[in-house]
Amino acid sequence: MGDAVERRALVLFSGGQDSATCLSWALDRYTLVETVGFNYEQRHAVELECRQVVLDRIKAQFPNWATRLGADHMLDLALLGQISDTALTQNQEIALKASGLPSTFVPGRNLLFLTFASAIAYRRGLTTLVGGMCETDYSGYPDCRDNTLKALQVALSLGLDAPMVVETPLMWLDKAQTWQLAEQLGGTTLVELIRTETHSCYLGDRTHLHAWGYGCGQCPACELRRNGYEAFAQPESK
Ligand code: ZN
């Protein structure tokens, strides 16, 4: 294996299970991996704390990956609060809607995230964006669809006049398969890191530790995570 071509990627890393798995996937494949996080709503304060812990533990527990892990970038996108459901419907509570989506939902959010990320990648000499978008579990989000992201890849590459590949390693995986991918990449050490240090719960609950990780155990994000982990841990009972 030659190293004539240095493969450099920017991972959209929120501190959640999916993006932590994507980060591991990228560290397994690219010679340089940088990360970007977006700060845009209070609910995510917990997730943003988790992301630093995950980065620190990857550096400590995976020496081969630590040498590839580069700069972490944090963008303040507080303006998204002005175009979320919460603002537009004047709900003061960050609550879950009947649809199961958080009331802070922003239409086309991933288009915005990837476009901001591409600007960072361009300036840092990174040619691949890696995101945890997935059609399997999130059919309600049209900006997670494979065709949306392939179209955006073309738009970004043209608009920047530079190659900008959008990789979505979780696109066709369900939650159990996402845990399996983590196990393949980093064994039980990585599974345990993701289980205990990443965050999914919409309510920001970090006080209750379940078999599948921390969370309230009631919200849609917790339900999805629990079902996926149980299918991964005990496939015969599915
Ligand atoms: Zn929850």
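Let's start at the metal: four sulfurs hold the zinc ion, the SG atoms of Cys201, Cys216, Cys219 and Cys222, at 2.3 to 2.4 Å. Donors here are N, O and S atoms within 2.8 Å of the metal (3.2 Å for Na, K and Ca), and water is not among the atoms, so sites may look incomplete. The angles subtended by the four donor atoms run from 104 to 116 degrees, which makes the arrangement around the zinc ion tetrahedral; for four donors, that label requires all angles to lie between 85 and 135 degrees. Along the chain, the donors of the zinc ion are spaced as C-x14-C-x2-C-x2-C. Cys219 and Cys222 are both buried, meaning under 20% relative accessible area, while exposed means over 50% and partly exposed is in between (1.4 Å probe, protein chains only).

A word on what you're looking at. This is a predicted model, where local features need pLDDT of at least 70, side-chain atom pairs count only at pLDDT 80 or more, and totals for chains, interfaces and linings use all residues. Residues are numbered from 1 along each chain as its sequence is written, and side-chain values use heavy atoms, with hydrogens and water left out.

From Cys222 it's natural to move on to helix α8, which covers residues 220-233. Its 14 residues reach 20 Å from first C-alpha to last, close to the 20 Å expected at 1.5 Å a residue; the expected span is 1.5 Å times one less than the number of residues. Besides Cys222, the buried residues of α8 include Arg225, Tyr229 and Phe232. What covers the buried residues of α8 includes α1 (17-29), α7 (175-197) and β7 (213-214).

Now zoom out. The protein chain has eight helices and seven strands, taken as DSSP runs (H or I, at least four residues, for helices; E, at least two, for strands) and numbered from the N terminus. Of its 238 residues, 50% are buried. Take the contacts between residues at least 6 apart in sequence: 67% of them join residues at least 24 apart, with contact meaning heavy atoms within 4.5 Å.

Next, the aromatics. The structure holds seven aromatic pairs, and one of them is Phe38 with Phe113, stacked at 4.3 Å centre to centre with 10 degrees between the planes. Rings of Phe, Tyr and Trp (its six-membered ring) pair if their centres lie within 6.5 Å, and planes under 30 degrees apart count as stacked, over 60 as edge-to-face and the rest as tilted. Phe38 sits in strand β2 (residues 32-39) and Phe113 in helix α5 (residues 109-124), so the pair ties together parts that are 75 residues apart in sequence. Phe38 counts as buried at 9% relative accessibility, and Phe113 does at 8%. Tyr40 joins Phe38 and Phe113 in one aromatic cluster.

Helix α5 also holds Asn110, which counts as buried at 10% relative accessibility. Beyond its neighbours within four places in sequence, Asn110 is in contact with Met133, Asp143 and Cys144. Over in helix α2 (residues 45-61) there's Glu47, buried at 10% relative accessibility. Again leaving aside neighbours within four places, Glu47 is in contact with Ser14, Gly15, Gly16 and His199.

Last stop: the loop between α6 (146-160) and β5 (165-167), where you'll find Asp161. Phi of Asp161 is near 50 degrees, a positive value in a residue other than glycine. At 72% relative accessibility, Asp161 counts as exposed.

Note on methods
Tetrahedral: all angles 85-135°; square planar, octahedral: opposite > 155°, others 65-115°.
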